[in-house]
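Colleague: I would like to learn how to read the features of a model like this one, step by step. Could we begin with the terms and then turn to the case at hand?

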Amino acid sequence: MRASVNRPPTPDVGDTQEKQPTLEEIINIKFIESGEKERLMELLRERLIECGWKDEMKALCRAFVKKKGRNNVTVDDLVHLITPKGRASIPDSIKAELLQRIRTFLVSAAL
Amino acid sequence: MSSRIDHHHLPINGQILPQPCSHLVDFRSRNGANPFRALQDCLRVKPPGGHASIRREPNEVPRCGMCGESGGLTRLYACVACAAVHCHAPPGTSHAAVHGESMSPGHEIAVDVDRAELFCCACRDQVYDRDFDAAVVLAQTAASTLHAPSSIVRSPHPENLRKRRRVDYRPWTPDPRERVLMGSCSSPLNATVLDSCSRDFPAGLRGLNNLGNTCFMNSVLQALLHTPPLRNYFLSDRHNRYYCQKKSTVVNNGSKSNAGNPTDSRICLACDMDAMFSAVFSGDRTPYSPAKFLYSWWQHAANLASYEQQDAHEFFISMLDGIHEKVEKDRRKTQSQGNGDCCVAHRVFSGILRSDVMCMACGFTSTTYDPCVDISLDLEPNQGGSAKMVSTKSNHSCNGEADHMNLSQNCGTSTLMGCLDRFTRPERLGSEQKFFCQQCQVRQESLKQMSIRKLPLVSCFHIKRFEHSSIRKMSRKVDRYLQFPFSLDMAPYLSSSILRSRFGNRYFPFDGDEPDASNKLSSEFELFAVVTHTGKLDAGHYVTYLRLSNQWYKCDDAWVTEVNESIVRAAQGYMMFYVQKVLYYKASEKRVVP
Ligand SMILES: [Zn+2]
Ligand SMILES: [Zn+2]
Ligand SMILES: [Zn+2]
Ligand SMILES: [Zn+2]
Ligand SMILES: [Zn+2]
Ligand SMILES: [Zn+2]
């Protein structure tokens, strides 16, 4: 298990492998390795569609593209545009549900 | 071949995309015929969802080669030239962009490791490539059948061939005016008829006498008598039996050819339906004998060579056929063609199935559309013999690979949604069924996927509880519980959703299926009738449960009784009738008690 944390995953990895991973990194890797992260992402995707968040973001992007012209907008521009609004407008209930799921996972993973 | 890049003006999911950036063009021209060769082995698809990702090893946790970030807050991209993974977090740091610049030229194009989508780090924008997407689609396709038994052979049931018999179908959907009309036609009726009815039962609830093993017919007739659009059609006098018969007689007398058999051409199942609707909604509660109808239907069905006696589903199919044939015969060709309109049976029950057959070698796909009046679903996933035997989503959640969408479903219990999932899953066609690929010009292994192109106003699901073996000349009945919901959303099984969830925002080798707004609006259905079968194959009995005014009634031939919904939920459904929610009138749901 731990070995995979330190395994150099890319050919040009520098000296990062020498460092002790932080707790945050360990948790992140646990989430990925167990597949829980993927499941949470899927849950989140579903919830954001249900509550209309996705449509809201879509509308923002559409309006922006319309204003700028479709050939003058990049994905990075759109990400830049919606990140602050998107972060702010996620319903608390969804955050709570995800937090609960994360807590449950951490307890079961005995971290 | 860089010349293939010319194809980039073609639409993706119905949208025209801009040209590829100079970096992608440049990358392709440097790397020959198969520029994404290195990536192909790294494509991973996790069944059953089918999201593609890029990993060198199945359980690799990719991280940025410069800062070690493992994708907690940023996206990670793998360079398509050298496979190095870097982070990209606009508008913040982008080691992917740094890599692209420092190694320039040739390292600008990268692939999102979690989504398997191409990105240009110089343009900072998503880019699209037909060959890349084709590789991803093929990988997804292969993975989606990974858990399937190696040879799924769909035995071409002669029975099924007959059911799927092509009819001259033209799609029809009610426009807003017609919807209002259909809705308004039902309300005054309820108000007036109710007064003359007994307080306890809603209008039109009347037992049907058994005329000698005719419960298979009575059960279906009860469902049809309470099919909202059908009921409204007949009760608003759209098929007047007196008028129709008079017309038939005139036609009959005019033509010498029919003189030998005057009865036959006057037989009209729609006329008999009209008479039955009048009788059933007359307010009279004594059981009705549908003898005239039985006679007409028998005349019609006698012509069907392989009619299987006493199967409610067979009866349903053949009687819709009967209504269709008569009405089409009476029409002049010029009238019936091209106006998006057919007989009432098809206007109510006909949907369109889409079938995509994809060549496993090259990805070429041929798409066909077929009208259908119902959907026949296999009951058990783990039994040899019949088709669509692939592992289901719910099986995966049982194995701990929980899919949250299925958590609500009970492991081990078959559900109607589970059946529909299987129905719309990609299915590898067996070696005997290799299809001729137009692109390869030879027969190839192929993959078939069904989806629903157009939903009917009323969806009838037929559960294949009777297994027929022509070899052993044996039939048996599968007594297995199937859970079915009272409200059903068909959106996940529509062609647009099926293809999108499989392939996402990519070029896919299917012909463009325009996003279907009308389908999206009307994908919600309400259950209003369940035909059940109890007992043995040959000595069984059909009973129908009807949902009227939000109360369930059991129609057992002549006997009609009020029942609790828990009884319906526990019943062994053989045919389930769902109506589009927009046609499931709220107004008639609540009985006004004066
Ligand atoms: Zn980085
Ligand atoms: Zn590179
Ligand atoms: Zn570029
Ligand atoms: Zn008629
Ligand atoms: Zn028809
Ligand atoms: Zn081919």
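Modeller: Let us start with pairing: two strands pair if DSSP finds at least two bridges between them, and the strands themselves are DSSP runs (E, at least two residues), as helices are (H or I, at least four), numbered from the N terminus. This is a predicted model, in which local features need pLDDT of at least 70, side-chain atom pairs count only at pLDDT 80 or more, and totals for chains, interfaces and linings use all residues. Residues are numbered from 1 along each chain as its sequence is written, chains are lettered from A and ligands numbered from 1 in the order in which they are written, and side-chain values use heavy atoms, with hydrogens and water left out.

Colleague: Which residue takes a positive phi in the hairpin of strand 5 of chain B and strand 6 of chain B?

Modeller: The general idea is that strands of a sheet pair through backbone hydrogen bonds, either parallel or antiparallel. Here strand 5 and strand 6 of chain B run antiparallel and are joined by 3 bridges, one partnership being that of B:I109 with B:C120 in strand 6. The hairpin has 5 residues between the strands, and B:A116 takes a positive phi near 55°. Strand 5 (residues 109-112) of chain B is also joined by 3 bridges to strand 3 (residues 75-79) of chain B, again antiparallel, with B:V111 as the bridge partner of B:A78.

Colleague: In what order do the strands of the 4-stranded open sheet of chain B lie?

Modeller: The order is 9-8-15-12, with antiparallel pairing, and the edge strands, each pairing on one side only, are strand 9 (365-372) and strand 12 (427-428) of chain B. Within this sheet, strand 8 (residues 351-359) and strand 15 (residues 446-454) of chain B pair over 8 bridges, and B:L353 has B:I452 of strand 15 as its bridge partner.

Colleague: Which residues coordinate the zinc ion (ligand 3)?

Modeller: Donors are N, O and S atoms within 2.8 Å of the metal (3.2 Å for Na, K and Ca), and water is not among the atoms, so sites may look incomplete. For the zinc ion (ligand 3) the protein donors are B:C21 (SG), B:H23 (ND1), B:C120 (SG) and B:C123 (SG), at 2.0 to 2.3 Å. Their spacing in sequence is C-x1-H-x96-C-x2-C, and the site links distant parts of the chain, since B:C21, in the segment before helix 1 (22-30) of chain B, and B:C123, in the loop between strand 6 (118-120) and strand 7 (125-126) of chain B, are 102 residues apart.

Colleague: Why is the arrangement around the zinc ion (ligand 3) called tetrahedral?

Modeller: Four donors count as tetrahedral if all angles lie between 85 and 135 degrees, and the 4 donor atoms around ligand 3 subtend angles of 98 to 115°. The zinc ion (ligand 5) is coordinated by B:H324 (ND1), B:C342 (SG), B:C343 (SG) and B:H346 (ND1), at 1.8 to 2.3 Å, and its 4 donor atoms subtend angles of 90 to 124°, which makes that arrangement tetrahedral.

Colleague: At what angle do the axes of helix 7 and helix 11 of chain B cross?

Modeller: Two packed helices are described by the angle between their axes and the distance between the axes. Axes are lines fitted to C-alpha atoms, for helices over the stretch in contact, with angles running from 0 to 180 degrees between N-to-C directions. Helix 7 (residues 215-225) and helix 11 (residues 269-280) of chain B have axes that come within 11 Å and cross at roughly 75°, and they are therefore roughly perpendicular (65 to 115 degrees; under 35 counts as roughly parallel, over 145 as roughly antiparallel and the rest as oblique).

Conventions: Four donors count as tetrahedral if all angles lie between 85 and 135 degrees; four count as square planar and six as octahedral if opposite donors are over 155 degrees apart and all others between 65 and 115; anything else is irregular.
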